[in-house]
Amino acid sequence: PKRSNAYALKSCFFYIVDHFTDIEFNRVNFVEFMGELEAKGHSPNYLNGLVRMVKHIEKSLFLKGLLSVLRLQDFSYYNPRKRQYKEVLSAKEIEQLANVKINYKKMPEFINLRQKGLILLLGQTGCRIGEALSLLSSDIYNFPRYSVTFHDTKNKDDRSVPIGENLYKLLKEIARDNEFVFQSYKGGQLTPEQINLDLKKRSSANKINKRVYSHLFRHSFCTTMAQAGVSVLDLGRIVGHKSVEVTMRYYNPDLEHLGNVILEHP
């Protein structure tokens with residue numbers, strides 16, 4: 001799997017293994033397990049990740065002769081809910097999230113600088129969190145213009161995106177040679193879950209009454225650029241969409257913007 005997916009797969013695997021440590025691994029117990037998670041409000045996408053993983057586990061146990069019958073291969077997947085984005089982060093809010101100083105227990109200066117660079121990269125390029133966390137120091141360029149290149153993307157294509165000079169200098173200050181730009185203070189690669197937890201702290205510190213998470217920066221970038229009149233084709237190229245329909249899904253104009261559009265009618 002892609003580096004950005006590895007953590008999610010491991011998480012699903014260990015969550016299932018932990019649950020069935022003292023419970024028999026069978027269909028009845030699995031149905032009850034999934035019902036409890038559904039009742040807690042977990043998303044269909046998360047539930048489907050567990051279903052896919054448990055089918056792999058069952059097939060592996062069957063091939064090793066540890067199970068005599070396959071009972072979960074026909075387990076139905078959950079219908080994914082269509083995403084509905086309502087909130088958008090303003091440029092001021094993104095700046096606040098990037099610049100707030102959190103009193104971390106270890107290496108606060110380093111972590112605050114790293115988080116600032118990550119937030120500004122998300123906010124100014126609309127990249128996916130997995131793409132940002134997989135960025136290497138060798139992926140930052142100043143010729144022929146300031147830019148970053150994302151590899152191993154969702155579409156399996158490399159994508160170069162322009163950035164400003166200030167962001168370029170900040171990323172260079174954070175980066176270490178031939179390593180991930182965004183690392184833990186111990187030198188390990190960060191996970192999306194760690195970033196989302198930190199964003200909660202930062203939004204709370206700034207009293208931003210929105211559910212702030214990594215993908216909201218991508219949606220905010222797309223919405224802001226679309227409302228500014230940027231071509232959908234150009235916008236799709238920047239954020240790495242292969243179809244106009246996918247780009248338009250992130251475009252959620254507010255009533256004030258639509259009111260200005262109406263005024264264009266003769």
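Helices (DSSP runs of H or I, at least four residues) and strands (DSSP runs of E, at least two) are numbered from the N terminus. The views show a predicted model, in which local features need pLDDT of at least 70 and side-chain atom pairs count only at pLDDT 80 or more, while totals for chains, interfaces and linings use all residues. Residues are numbered from 1 along each chain as its sequence is written, and side-chain values use heavy atoms, with hydrogens and water left out.

**Panel A. Thr 191 in the loop between helix H7 and helix H8.** Helix H7 comprises residues 165-174, and Thr 191 is placed in the loop that lies between this helix and H8. Thr 191 has a relative accessible area of 11% and is therefore buried (buried means under 20% relative accessible area, exposed over 50%, and partly exposed in between, with a 1.4 Å probe and protein chains only). Once its neighbours within four places in sequence are left aside, Thr 191 is in contact with Tyr 7 and Leu 133 (contact means heavy atoms within 4.5 Å).

**Panel B. Glu 38 in helix H2 and its contacts.** Helix H2 covers residues 27-39, and Glu 38 belongs to it. Because its relative accessibility is 45%, Glu 38 counts as partly exposed. If residues up to four places away in sequence are not counted, Glu 38 touches Leu 47 and Tyr 78. Glu 38 and Tyr 78 are 40 residues apart along the chain, and their C-alpha atoms are separated by 9.8 Å.

**Panel C. The open sheet of strands E1, E2 and E3.** The sheet is open, its three strands follow the order E1-E2-E3, and the pairing is antiparallel (two strands pair if DSSP finds at least two bridges between them). E1 and E3 stand at the edges with a single partner strand each, so one side of each has no neighbour in the sheet. Between E1 and E2 there are two bridges, in the antiparallel sense. One bridge has Tyr 141 with Ser 147 of E2 as its partner. Five residues form the connection of the hairpin that joins E1 to E2. E2 and E3 also run antiparallel, and four bridges join them. Val 148 has Val 161 of E3 as its bridge partner, and Phe 150 stands opposite Arg 159 in E3.

**Panel D. The two faces of strands E2 and E3.** In a regular strand the side chains alternate between the two faces of the sheet. From E2, Ser 147 and Thr 149 point one way, whereas Val 148 and Phe 150 point the other way. Which of these four residues of E2 are buried? All of them are. In E3, Arg 159 and Val 161 make up a covered face, while Ser 160 and Pro 162 make up an uncovered one.

**Panel E. The cis peptide bond before Pro 144.** Most residues other than glycine have a negative phi, and most peptide bonds are trans. The peptide bond from Phe 143 to Pro 144 is cis, and its omega is near 5 degrees. Pro 144 is found in the loop between strand E1 (140-141) and strand E2 (147-150).

**Panel F. Lys 156 and Lys 207, two residues with positive phi.** Lys 156 has a phi near 65 degrees, a positive value in a residue other than glycine. Its place is the loop between E2 and strand E3 (159-162). The relative accessibility of Lys 156 is 67%, so this residue counts as exposed. Lys 207 is not a glycine either, and its phi is positive, at about 55 degrees. Lys 207 lies in the loop between H8 and helix H9 (214-227). With a relative accessible area of 73%, Lys 207 is exposed.

**Panel G. Helix H5 and the residue that follows it.** Of the 18 residues of H5, 13 are buried, and the helix is thus mostly covered. Gly 126 follows H5, and the phi of Gly 126 is positive, near 70 degrees.

**Panel H. The lining of the second largest pocket.** A pocket is an open set of points on a 1 Å grid over the protein atoms alone where a 1.4 Å probe fits, with protein on both sides within 12 Å along at least five of seven lines; lining residues have an atom within 4 Å of a point. The second largest pocket is lined by 15 residues. Those nearest its centre are Tyr 104, Ile 111, Arg 114, Tyr 185 and Gln 194. At least two lining residues are supplied by each of helix H5 (108-125) and helix H8 (192-205). Which helix gives the largest share of the lining? H8 does, with five residues.
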